[in-house]
Amino acid sequence: MKAFAYVNPTSEKEAVAALKTDGIAMVIGGGQDLLSRMKDYIDSPDRVVNVKGLDATVTATSDGGVKIGSAVKIVDLAEHAAVMSLYPSVAAAAIEVGTPQIRNQGTVGGNINQRPRCWYFRNEEFVCYKKGGSRCFAVNGENQYHAIFGNDGPSHIVHPSSLAVPFVAYGAKFRVLGPNGEREIAAADYFTMPTLANVLKENVLDDEDILTHVILPAPGNVKHGHYEVRYKQSHDWPLAFTTVVLVMNGVNGTSGANGTSGSTIRSARVVLGAVAPVPWRSRPAEDALAGKALNEATAALAGEAAISEAKPMSGNAYKIQIAKTAVKRAVMRAAGIKTV
Amino acid sequence: MIYGKIVRSPYPHAKVVSIDLSAAEKAPGVKATLAYMKAGDEVHYQGDPVAAVAADTEERARDAARLIRVRYEALPQVSSEAQGMQLIGPRWSTTQPNTRAGQRAETGDLDAGFKQAAHIVEQTYSTHIITHVCLETHGAVCEWDGDKLTAWVSTQGVHQCAQGYAQALGIPQTNVRVITQYMGGGFGSKFAPDSQGIICAKLAKAAGVPVKLMLDRKEEHLDTGNRPSAFAKIKAGVSSDGKLTAFDGTSWGTGGAGASSGFPLPYLYQFPNRKRVHTDVYINAGQQRAMRAPGHPQGCFLTEILMDELADRVKMDPVEFRIKNAPPLAPNAQWVKYFAEGAKRFGWDKRHATGDPTPGPIKTGMGVSAHLWGGAGRGSTAHVDIMSDGSVVVKCGTQDLGTGTRTLVAIVAAETFGLPVSGVKPEIGDTLYPFSGGSGGSTTAASVTPAIRVTSLNALDALFAKVAPTLGVTPDQLAAEGGRIFVKGNSSKGLSWKDACKLIGTEPISVDGKWEDGLSSSGTSGVQFAEVEVDIETGIVRIKRILAMQDCGLIVDKLTAESQAYGGVVAAINFALFEDRILDRVTGQMVNPNMEWYLLAGMSDIPKIDIVLNNMPERGVIGIGEPPTVSTASAIANAVRNATGATIRSLPLHPHKVLAAIEQERAGGTN
Amino acid sequence: MEHLTSPKLTPGVHCLSLRHKGMYVTSMPYPEESQFYDSYDATAYWCVETQRGFGPDGASVRPDCCTGERDCCKH
Ligand SMILES: Cc1cc2nc3c(=O)[nH]c(=O)nc-3n(C[C@H](O)[C@H](O)[C@H](O)COP(=O)(O)OP(=O)(O)OC[C@H]3O[C@@H](n4cnc5c(N)ncnc54)[C@H](O)[C@@H]3O)c2cc1C
Ligand code: SF4
């Protein structure tokens, strides 16, 4: 690993200032992703700026939501009382990340901004688009864990962050601080589909920007469901997963005035993970759910609708079936129906 | 001490054009560099060693290694068995052919056998390549004192490593000492210094200080061995009453760059008429090494899946069908007994026919499978000293690769002397101690424990000779038990071990001994049962239970014997579901040389494992390191078949294969 | 076991530097194994001089290659 300078700022502003350099500066949270990239010579920054000293709290906002500091540990997010009650799918996603060690070391900021786990990206031998090369090795190569949605290229990664998916589903905003001040970006707009121009990154952050907070709006009258399909039980990545957030007709989704409309879905957010270069919002699934009664048949319809846009690669069509199942079971969980 | 790092070929096949060490020589902290290959040499796999460097820290050694400029001329590579078998296309070597005819065997009359068959199954079966994944990687620390070398090596054979160092370095073997106090797994991949051990010694010589060179995980996957792949097109027949009649198999596989890939086929069951033709295919990938029961897991899988398909054709229960076709009961052939006993213990009567009829996405199923191994030993030598203060040291130049050999040495000596285990000091893992074989082939327990027993008895005889006059009896009237030496039949007439040893005087009892026939034997059998749950909407397999019926002759120590069985089963669960060396089909480079995408079961992926050991003291000691890992994967695959009704004829049981097989079955099956 | 005993290396024919695991473990042939399967060769070979599966000349190390006519072959 290349020798580097280490900067330990005490404020957001100092952190942003520290990122200004002639060489390459990178932010470090828990460091699990950055350090492994450095050890494998995928990245060789001259300066590493620690952001674990930034806000590490989860606080209530005035409108009934919560504000999560980027330095919050994944484990603390998973076990936070307000998060568990208001955004159970965030807690569910957090508790499934990696292993206890990873969750205890990993930060919210690091999890959202971690780089792809594509095995071509992670092995030095393959100089792909994401490393400034001019091809995606996955196209003709080993793509069993690559994208099944949004496969127009040039890169075919799946976005690695588990937390990003429920954040998009709950309509979170990400607060970003840069040299020109702060801005708030909808989580759904934070992550970018690859183009030749921006394939070196997965989101809108500029080199001197940091993510400081995730702001979750009050959930409102919703039902939630989260479902992950994993090959191994731990120390592994999901093959596909889904968060659904359903806005229900009637109070708290219980029976409405005439006793019928209460369990119908007014609108839905269906977001899939591990299937596309970004957390993948499935409009067809959302449309399939809107106006329907919340039951197993509707769940199955949503699953079918979700995969209507799928475009698999040569070796990953099996993930379509898995994604369909994840959507169906996430909706079933939202309905309180037992799933396996 | 400084640190070594090897530069390896990123290409699976190339010619070295030039090696320039100059930039690395000038890098901070660098104490030695070395060109391992030379211009014009051919590299045959990704990870082929090319050059090396040693520096004062591990990080600096890694950085400096990247400054060694190697220019290559890339050559077309062979990345798969199918590619290797093509008549035209890339060659794995510029001078050697892609394939080589392997063993060929024919017994009985194949045509007649197929005529007797009421049903015939014709399918292709295969197993994949996995690497050893020793948690402790390969490597050594080498220190020179003039022309004397001391090497601390992670090895399964200290004496064998010493020979390797001596001959590779051109020094007398008497100048080499190899030490392995403890080590973290070898599984058949650590019998020699290997290239990294010799590079380490050469760097240490050049730098004039000790060098530590341990491989990293990527190097482990690329260059320290693997289990070869196995493929076979099989046609097999069964008579209407469930007797196997004929087996015709054409098999192939790869052991990587120029290495063989044989495996037993058909395995265990009695096909009176059979033919088998094998071809070794060479590809540009790391070479195979012996891996826990070499050949057996492959042959077992290929045969056992076929067995369940045949059983279904004759509508017989798989256990019953196997009993009918297994070799007859014998001390080294306990299968028919284990099938019956195991079925009872496992609740086999609750097994449904192929295809779980219950509604819902979760299907459960049971499977069974059998295996055998030899496990005989010989040749170990040992030395025992009993001191006048009563302390005892047992020395044997074996090594403990994590199996508990050190414990066995102490247990056997302690029991012989009638002492607690703590009363004996076992000294192993050093070429200063008497010769013993490498720890492989499940031969260690059967080689070492008889030697320890014989040597300890010799020492005890010597002690009895010293003690007898004091007690006024002849030595043959004495016994040692419970920390005392006493007259047989009159236990009050005796001395404590300590007092007895005082009679030894100033010259310790110091005796040698060696393995003798009669305390060990050969041939183990085992049967395993598996129960799984398959989610047919996701293709995910979860193993619920494993039952392993196993013998290993006399069980010297239940804990360590069971531990071998647990470890073997866990390794086989990985073989069945998770591990897979994946080469990029275009570049031939490994995409998962790590522990992230090279999947390994975690705690939560391991089911309840029941080990039932059949103690057979009359047979003496037989090894158990390898057999328990052979049949687990086949039992699991058969359980998946039983659950889903779909047959998966290749490993690993990845969700994509499970889903594809289920879909194929829905579309009308594969028959 | 088969893999430990099958590679019959013949002094005078095969190179003295040829190695396989069976030479390094003190095994005993399993007399009855032919009852359970036919012979096969799962053996991994290496050269004691190079400590790898390629000889000093860079070619494969196996009993069929490590014999008389090869330059590096030692008797
Ligand atoms: C076997 C395995 C399984 C895993 N499974 C999962 C899983 O299922 N789901 C999942 O989500 N993850 C999984 N992970 C990944 C793990 O969760 C992430 O590596 C971890 O969350 C990263 O957090 P960190 O704080 O350590 O990141 P760091 O390494 O500190 O940072 C990651 C990246 O984000 C940047 N960064 C960090 N903080 C900020 C910030 N505030 N602003 C801007 N940029 C920032 C860094 O520069 C760096 O590039 C797995 C990892 C492994 C090894
Ligand atoms: S998917 Fe992306 S990261 Fe992977 S090889 Fe293609 S371009 Fe590179």
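This note walks through the chain contacts and the two ligand surroundings of a predicted model.

1. On how the chains are arranged: two pairs of chains are in contact, and of these chains B and C share the most contacts. Chain A and chain C, by contrast, do not touch, and their nearest C-alpha atoms are 24 Å apart.

2. On the extent of the interface between chains B and C: 35 residues of chain C are in contact with 67 residues of chain B. The size of an interface is often given as the accessible area lost when the parts come together. For chain C and chain B that buried area is about 4000 Å², with 53% of it on carbon and sulfur atoms.

3. On the polar side of this interface: the model has four salt bridges between chain C and chain B, and a salt bridge joins the side chains of Asp64(C) and Arg100(B), with an N to O distance of 2.9 Å. Polar contacts link 27 residue pairs between these two chains, counting pairs in which both residues have pLDDT of 80 or more. On the side of chain C that touches chain B, the elements giving two or more residues are helix H1 (2–5) and helix H2 (21–24) of chain C, and by class the residues of that side divide into 15 nonpolar, 11 polar and nine charged.

4. On ligand 1: there are 34 residues around this ligand, of which Val27(A), Gly29(A), Gly30(A), Gly31(A) and Ser162(A) come nearest. By class the shell comprises 13 nonpolar, 16 polar and five charged residues.

5. On the backbone atoms that face ligand 1: a polar backbone atom of Gly29(A) is 2.6 Å from an oxygen atom of the ligand, and a polar backbone atom of Gln32(A) is 2.9 Å from an oxygen atom of the ligand. A nitrogen atom of ligand 1, in turn, lies 2.9 Å from a backbone N or O atom of Leu211(A). Taken alone, ligand 1 exposes 980 Å², and the protein buries 94% of that area. Two or more residues of the shell come from each of strand S2 (25–28), helix H2 (32–39), helix H7 (108–113) and strand S8 (210–216) of chain A.

6. On ligand 2: the residues that surround this ligand include Cys118(A), Cys128(A) and Cys136(A), together with His146(A) and His156(A). Among the other residues of the shell are Tyr120(A), Phe121(A), Lys130(A) and Ser155(A). By class, the shell around ligand 2 has eight nonpolar, three polar and one charged residues.

Conventions:
Residues numbered from 1 in each chain as written. Chains lettered and ligands numbered in written order. Predicted model: local features only at pLDDT ≥ 70, side-chain atom pairs only at ≥ 80, totals over all residues. Heavy atoms only, no water. Near = heavy atom within 4 Å. Nonpolar A, V, L, I, M, F, W, Y, C, P; charged D, E, K, R; others polar. Contact = heavy atoms within 4.5 Å. Polar contact = N/O pair within 3.5 Å; in protein donor to acceptor, adjacent residues only side chain to side chain. Areas by Shrake-Rupley, 256 points an atom, 1.4 Å probe, with all protein chains shown as cover. Helix = DSSP H or I, 4+ residues; strand = E, 2+ residues; numbered from the N terminus. Buried area = accessible area lost by both parts, 1.4 Å probe.
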